[in-house]
Amino acid sequence: MNKQYPAMGTLSVWGGEENKDFWQRSTQLPVVHSVSFGYQDVDEWLEVALAKRPGHIYSRNTNPTVAAFEEKVRRLEGAEAAVSFGSGMAAISNTLFTLLSPGERVVSVKDTYGGTNQIFLEFLPRFQIDVRLCDTTDHEAIEAEVAKGCRVLYLETPTNPTLKVIDLARLSQAGHAVGAMVVVDNTFATPINTNPLALGADLVLHSATKFLGGHADALGGVACGPAELVHQIYHFREINGAVLDPMAAYLLLRGMKTLHLRIRQQNENALRIARFLEAHPLVEQVLYPGLESHQNHHIAVRQMRGFGGVLSFAPKGGFEAVRALLPHLRYAHAAANLGAVETVVGPPATTSHVEVSREQRAMMGIPEALIRYSAGIEDSDDLIADLEQALGRVQL
Ligand SMILES: *Cc1c(COP(=O)(O)O)cnc(C)c1O
């Protein structure tokens, strides 16, 4: 891959903030806490309202702080346009409800994020949308389902929490052969590690709540892609109202200024920790795309610039061992989020897949004793020593 300029570090800092003409010459983007924007000149007002000249009217449509956030993500994903939302789930649901109509078909995989899986199983069928969920790593089976025709091919990689990796270039081709829209949730990889649009996808989605913001202090979501398509999603959002708050947009923007540094450190920490755990006698299984033992390592090597900050592992001794281990971790929040500067741990049964029944988790191949480990930016020596002492507390 040829490196493009401005590169990721520069875009993380300056993307969406290159215009130095901020309010009162402030060097930092103001948080514009205003519902509406006033006009003395009615003709000017009309032109802005009709999008014939730039400007803002009402913050359910557009807002300057929110627009800067959209612009930063747009640049990092190399997209024509981006539209933001109040959460990752809002980005996902608004995108799906924009693209799909009754009688149409979606093909996706069994391992999507718990909330997304719930949209597929509970909500879309109520609108007579036919949903087909394939085995996540069975590329032939996905291609066969897609070949029968579908409006949307919805993918997520690496998956949560088993870190399966899907070949985006291959499946984008399969989707386009039948005229499908290929939508990718890129939350786990981040634009630093993978750019799905460059691999052929039509739309890329993020829960900005996770790695983009990186500080676990603001919820947000975003969809990026071709201007016309993003405009349709924007139109759905402006009417249905799942907007991003300007304060949250500011927190996410501020977090994103260090995105490239954080992801570099998290890639490094996660790989070291995965190797440490894989060699540990009290660990049954480790799932991380950077490990040679991972079933999709060969795809990850081709598709990812780094393997991401999240890994999963199962200690020997089942859920009892999980119960014994977690409280002894000193440098990890036991919580439901991921992608933060602090290390965060949690069993999928209480975090990402709490919406999903035990039977469904089993069907998805998620062991009950699995622990999702989202490596923070701490020193990896400390994180490894911490895991070592906590594993020592487990009585087999
Ligand atoms: C967290 C997450 C979501 C949902 O995002 P929210 O901001 O919590 O609504 C969607 N996809 C993935 C992969 C996630 O990790």
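The following exchange examines the ligand site, the cavity and the backbone of this predicted model.

User: Which residues come nearest to the ligand, and what makes a residue count as near?

Analyst: A residue is near when one of its heavy atoms lies within 4 Å of the ligand. The ligand has 13 residues around it, and G88, M89, D185, T209 and K210 come nearest. Helix α4, residues 88-99, gives the most to this shell, with three residues.

User: What makes the pairing of T209 with the ligand a polar contact?

Analyst: The cut-off for a pair of N or O atoms is 3.5 Å. In T209, a side-chain N or O atom is 2.6 Å from an oxygen atom of the ligand; the pair therefore lies within the limit and is a polar contact.

User: Why are S207 and M89 placed under the heading of polar contact with the ligand?

Analyst: For S207, a polar side-chain atom lies 2.8 Å from a ligand oxygen. For M89, the atom concerned is a backbone N or O, also 2.8 Å from an oxygen atom of the ligand. Both values are within 3.5 Å, so both pairs qualify. The protein buries 93% of the 380 Å² that the ligand exposes when taken alone.

User: How is the shell around the ligand divided by class?

Analyst: The shell comprises four nonpolar, six polar and three charged residues. Glycine counts as polar in this scheme, so G88 belongs with the polar residues.

User: Why is the space lined by P158 and L163 called a cavity?

Analyst: The term applies because a 1.4 Å probe fits there but cannot get out. The structure holds one cavity of 30 Å³ or more, and the volume of the largest cavity is about 30 Å³. Its lining consists of P158, L163, F188, F307, G308, G309 and V310.

User: How do you know that the lining of the largest cavity draws on both domain 1 and domain 2?

Analyst: Domain 1 (8-256) and domain 2 (259-391) each supply at least three residues to the lining. By class, the lining has five nonpolar, two polar and no charged residues. Glycine is grouped as polar, so G308 and G309 fall in that class.

User: Where are the cis peptide bonds at P6 and P161, and what are their omega values?

Analyst: The bond from Y5 to P6 is cis, with omega near -5°, and P6 sits in the segment before α1 (8-14). N160 and P161 are also joined by a cis peptide bond, with omega about 5°. P161 is in the loop between β4 (152-156) and α7 (168-177).

User: What is notable about phi at A51?

Analyst: Phi of A51 is near 60°, a positive value in a residue other than glycine. A51 lies in the loop between α2 (42-49) and α3 (64-77).

Key:
Residues are numbered from 1 along each chain as its sequence is written. This is a predicted model: local features need pLDDT of at least 70, side-chain atom pairs count only at pLDDT 80 or more; totals for chains, interfaces and linings use all residues. Side-chain values use heavy atoms; hydrogens and water are left out. A polar contact is a pair of N or O atoms within 3.5 Å; within protein, one must be able to donate a hydrogen and the other to accept it, and residues adjacent in sequence count only if both atoms are side-chain atoms. Accessible areas come from the Shrake-Rupley method with a 1.4 Å probe; for residues, only the protein chains shown count as cover. Helices (H or I, at least four residues) and strands (E, at least two) are DSSP runs, numbered from the N terminus. On a 1 Å grid over the protein atoms alone, a cavity is a set of points where a 1.4 Å probe fits but cannot get out, and a pocket is an open set with protein on both sides within 12 Å along at least five of seven lines; lining residues have an atom within 4 Å of a point. Grid points are joined across faces, edges and corners, and a volume is the space filled by probe spheres set on the points. Domain bounds come from an automatic or database domain assignment.
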